[in-house]
Amino acid sequence: MENKNNLEEIEKFQDEYMEKYGDEPISQFEGLSANQMTYLVEDFFDENSPIKIYKEISQEVLDTIPLLQLVKYYLNLIVSEGGSLKLTAAGYIPPKQVKEIYETGFIVDPYVESGEIKINKELDSMVVELVKLLSFICKITVEEKGKIVITDLGKELLKNERDLLEVILKGYTKEFNWSYFDLCGENQDFQSHVGYIVYLLKKFGRKKLPMNLYTKKFITAFPAAFEDFISVENENISLEEKEKDFEFVMYLRAFERFLGYFNLVDVSLKGNNVIMITKSNIFDSVIEFTK
């Protein structure tokens with residue numbers, strides 16, 4: 001009974017502490033409070049999160065979001081086939097449709113563009129694989145009897161691109177495994193803490209700044225993410241090499257792919273291949289910050 005009372009007292013103290021100090025800005029979190037950080041990390045789509053997407057986004061802006069337009073094209077392609085797309089005997093999208101989807105050019109694969117890979121089947125294109133998987137994850141398509149079928153949700157979302165954007169954003173950030181298309185190990189912290197990366201870009205993205213600024217600020221907020229990071233090359237690498245690997249994976253997964261696929265970031269090179277980051281010209285029309 002005494003232990004139970006002690007536990008209740010501890011919980012009461014924690015609740016009172018968070019109520020009193022939980023909204024105080026913390027420098028380690030670049031001005032966010034502990035409460036804001038909790039919502040941001042747990043679900044940056046939550047109504048209490050300081051980062052959200054706007055409820056109203058113009059069609060002009062929506063038209064510039066590559067992954068949204070790719071998913072929209074894919075759904076319309078299925079609709080044009082009578083609401084279902086017959087798969088090959090092995091369960092893949094037929095080569096004709098694979099080429100059609102890739103040739104929209106909304107998202108390109110550097111290996112395809114360089115000529116290293118020629119698209120003959122679904123597995124030749126990460127882009128086509130992504131749109132297929134993401135559509136399943138978001139429940140806007142299902143596979144039935146050897147066909148991909150657009151769902152009622154998918155049909156409804158085709159009529160409302162802003163809501164379709166929110167659905168695929170949630171699917172990409174919360175359910176799709178970011179490690180699927182690279183050889184960089186699990187290292188899930190970039191994905192689980194992506195809301196904070198979006199916040200950093202919101203705060204610092206007006207100026208063209210080096211990628212390592214974002215890396216350092218991420219590590220400052222989440223030192224355990226760096227400590228737990230496992231380099232695929234070698235677990236016994238130097239601290240400097242680990243920092244480079246960490247930055248590369250963070251850039252690849254969070255900036256080049258996630259933020260790039262949703263047209264939220266602009267990337268350029270400076271001098272000796274220094275990656276420079278700015279937020280895109282549509283970022284502030286999509287991402288809302290509330291204190």
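A pocket here is an open set of grid points with protein on both sides within 12 Å along at least five of seven lines. With that in hand, let's walk through this predicted model, starting with its pockets and then turning to how some of its helices pack.

The largest pocket holds about 580 Å³ of space. It has 25 lining residues, and the ones closest to its centre are Asp109, Tyr111, Met126, Phe181 and Arg257. Have a look at which helices build the wall: H6 (110-113), H7 (126-137) and H14 (239-261) each put in at least two residues. H14 supplies the largest share of that lining, with seven residues. As for chemistry, the lining is made up of 16 nonpolar, seven charged and two polar residues.

Next comes the second largest pocket, with a volume of about 280 Å³. You can pick out its lining by finding Asn212, Thr215, Lys216, Ile219 and Phe226, together with Glu240, Glu243, Lys244, Glu247 and Phe248. Two helices, H12 (211-221) and H14, each give two or more residues to this lining. H14 again turns up as the biggest contributor, this time with five residues. The class split here is five charged, three nonpolar and two polar residues.

Now for the packing. H7, which we met at the largest pocket, also packs against H9 (residues 161-175), with the two axes 9 Å apart and an angle of about 95 degrees between them. Angles of 65 to 115 degrees count as roughly perpendicular, so that is the label for H7 and H9. On the H7 side, the contact is made by Leu130, Leu134 and Ile137, and they meet Ile168, Gly171, Tyr172 and Glu175 of H9. Five of the residues in this contact are nonpolar, one is polar and one is charged.

H9 has another partner to look at. Helix H4 (residues 66-80) packs with H9 at an angle of about 105 degrees, and their axes lie 10 Å apart. That angle makes H4 roughly perpendicular to H9 as well. From H4, the contact takes in Leu67, Leu68, Gln69, Val71 and Lys72, while H9 brings Glu161, Leu164, Leu165, Ile168 and Tyr172. By class, that contact comes to seven nonpolar, two charged and one polar residues. If you zoom in on H9, Ile168 and Tyr172 are worth picking out: both are part of the contact with H7, and both also belong to the contact with H4.

Methods:
Residues are numbered from 1 along each chain as its sequence is written. This is a predicted model: local features need pLDDT of at least 70, side-chain atom pairs count only at pLDDT 80 or more; totals for chains, interfaces and linings use all residues. Side-chain values use heavy atoms; hydrogens and water are left out. On a 1 Å grid over the protein atoms alone, a cavity is a set of points where a 1.4 Å probe fits but cannot get out, and a pocket is an open set with protein on both sides within 12 Å along at least five of seven lines; lining residues have an atom within 4 Å of a point. Grid points are joined across faces, edges and corners, and a volume is the space filled by probe spheres set on the points. Helices (H or I, at least four residues) and strands (E, at least two) are DSSP runs, numbered from the N terminus. Ala, Val, Leu, Ile, Met, Phe, Trp, Tyr, Cys and Pro count as nonpolar, Asp, Glu, Lys and Arg as charged, and the others, Gly among them, as polar. Axes are lines fitted to C-alpha atoms, for helices over the stretch in contact, and angles run from 0 to 180 degrees between N-to-C directions. Angles under 35 degrees count as roughly parallel, over 145 as roughly antiparallel, 65 to 115 as roughly perpendicular and the rest as oblique. Contact means heavy atoms within 4.5 Å.
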